[in-house]
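Here's an informal walk through one protein model, from confidence to sheet, cores and charged pairs. Have the viewer open as you read.

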Amino acid sequence: MLCFNYLKLCWVVKLLSQWKSQPMKKIFCLLLLLACCVTVEAQKLAANAVPKTVTTAFKKSHPTATKETWFKHDDKYEVKFTVNKKVKSLMYNTKGILVFNEAKVTLTTLPAAAKKYMDTNFTNQTILKVVRMTTMTNSISYAVEINDRNIIFDTKGHFIKSEMK
């Protein structure tokens, strides 16, 4: 893929060098830059497009799951689903090994330090959602979603970062 992109870039440079019109070069470069900056977050997939190893691992660990929706992120597969009336999200690698687990939790689940941070720094913000994230190494973190951003905390509730939505 990298080689193909390099060849396309070489072709564009050659084409630009042949154009005599400066305004046309600028417009083309701007459009090219814009196209390169556009990224795809995740690609929604039909369940039959997901590798069998992944769907088998998911069904084995969550046989009662409903409302499954599959996404592809680079070389990983995410499934959002409902179990016991709770929405969850799991991420698997292509071998069917769980690499990430995300579950919506209540505000009371948030560590005390994180609650204090939110009360101090975001007093007038409405908390829309609290998510507990667990990696395959059992590293736990929390994400608190407010109107325009996600606030990330470690397992003890220490502030890690703020991400704009």
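One cut-off before we start: a residue is called buried under 20% relative accessible area and exposed over 50%, with partly exposed in between. By that yardstick K161, at 40%, is partly exposed. Keep in mind that this is a predicted model.

**How far to trust it**

The average pLDDT for the protein is 80, and 75% of the residues score at least 70. Going element by element, helix α4 has the highest mean, 95, while helix α1 (residues 2–18) has the lowest, 43. Residues 1–13 stay under 50, and the model gives this stretch two contacts beyond four places in sequence. Another stretch with pLDDT below 50 covers residues 28–40, with five contacts beyond near neighbours in sequence.

**The sheet**

Nine strands form an open sheet with antiparallel pairing, and the order is simply β1-β2-β3-β4-β5-β6-β7-β8-β9. At the edges stand β1 (43–45) and β9 (159–164); each has a single partner strand, so one side of each has no neighbour in the sheet. From one strand to the next, the twist averages 25°.

If you'd like to zoom in on one pairing, try β3 and β4, which run antiparallel and share seven bridges. There you'll find V83 standing opposite K86 in β4. Over at another part of the sheet, helix α4 (residues 112–121) lies across β7, β8 (149–154) and β9, at about 145° to β8.

**Two nonpolar cores**

As background, nonpolar side chains in soluble globular proteins tend to be buried together. Which residues touch the most other members of the largest nonpolar core here? They are F58, W70, V79, F81 and Y92, out of 13 residues in that core. The elements giving two or more residues to this core are α3 (52–61), β3 (76–83) and β4 (86–92). Of these, β3 gives the most, with four residues.

V79 is a good one to click on. Leaving out residues up to four places away in sequence, V79 touches F58, W70 and Y92, and its contacts also include E68, T69, K88, S89 and L90. Apart from this core lies another one of 10 residues, including L110, F122, Y142 and F153.

**Salt bridges**

How many salt bridges does the structure hold? There are five, and the table lists some of them.

| Pair | N to O distance |
|---|---|
| E68 and K59 | 2.5 Å |
| K129 and E145 | 3.7 Å |
| K161 and E163 | 2.9 Å |

Take the pair of K129 and E145, at 3.7 Å. K129 sits in strand β6 (residues 129–135) and E145 in strand β7 (residues 140–145), so the bridge ties together parts that are 16 residues apart in sequence. Are the two partners buried or exposed, or in between? K129 is partly exposed, with a relative accessible area of 31%, whereas E145 is buried, at 19%.

Now for the other two pairs. E68 has 27% relative accessibility and so counts as partly exposed, and its partner K59 is partly exposed as well, at 42%. E68 is also among the contacts of V79. In the remaining pair of the table, K161 is partly exposed at 40%, and E163 is partly exposed with a relative accessible area of 31%.

Methods
Residues are numbered from 1 along each chain as its sequence is written. Side-chain values use heavy atoms; hydrogens and water are left out. A salt bridge is a side-chain nitrogen of Lys or Arg within 4 Å of a carboxyl oxygen of Asp or Glu. Buried means under 20% relative accessible area, exposed over 50%, partly exposed in between (1.4 Å probe, protein chains only). A nonpolar core is a set of buried Ala, Val, Leu, Ile, Met, Phe, Trp, Tyr and Cys residues joined through side-chain atoms within 4.5 Å. Contact means heavy atoms within 4.5 Å. Two strands pair if DSSP finds at least two bridges between them. Axes are lines fitted to C-alpha atoms, for helices over the stretch in contact, and angles run from 0 to 180 degrees between N-to-C directions. pLDDT is the predictor's confidence in each residue, from 0 to 100.
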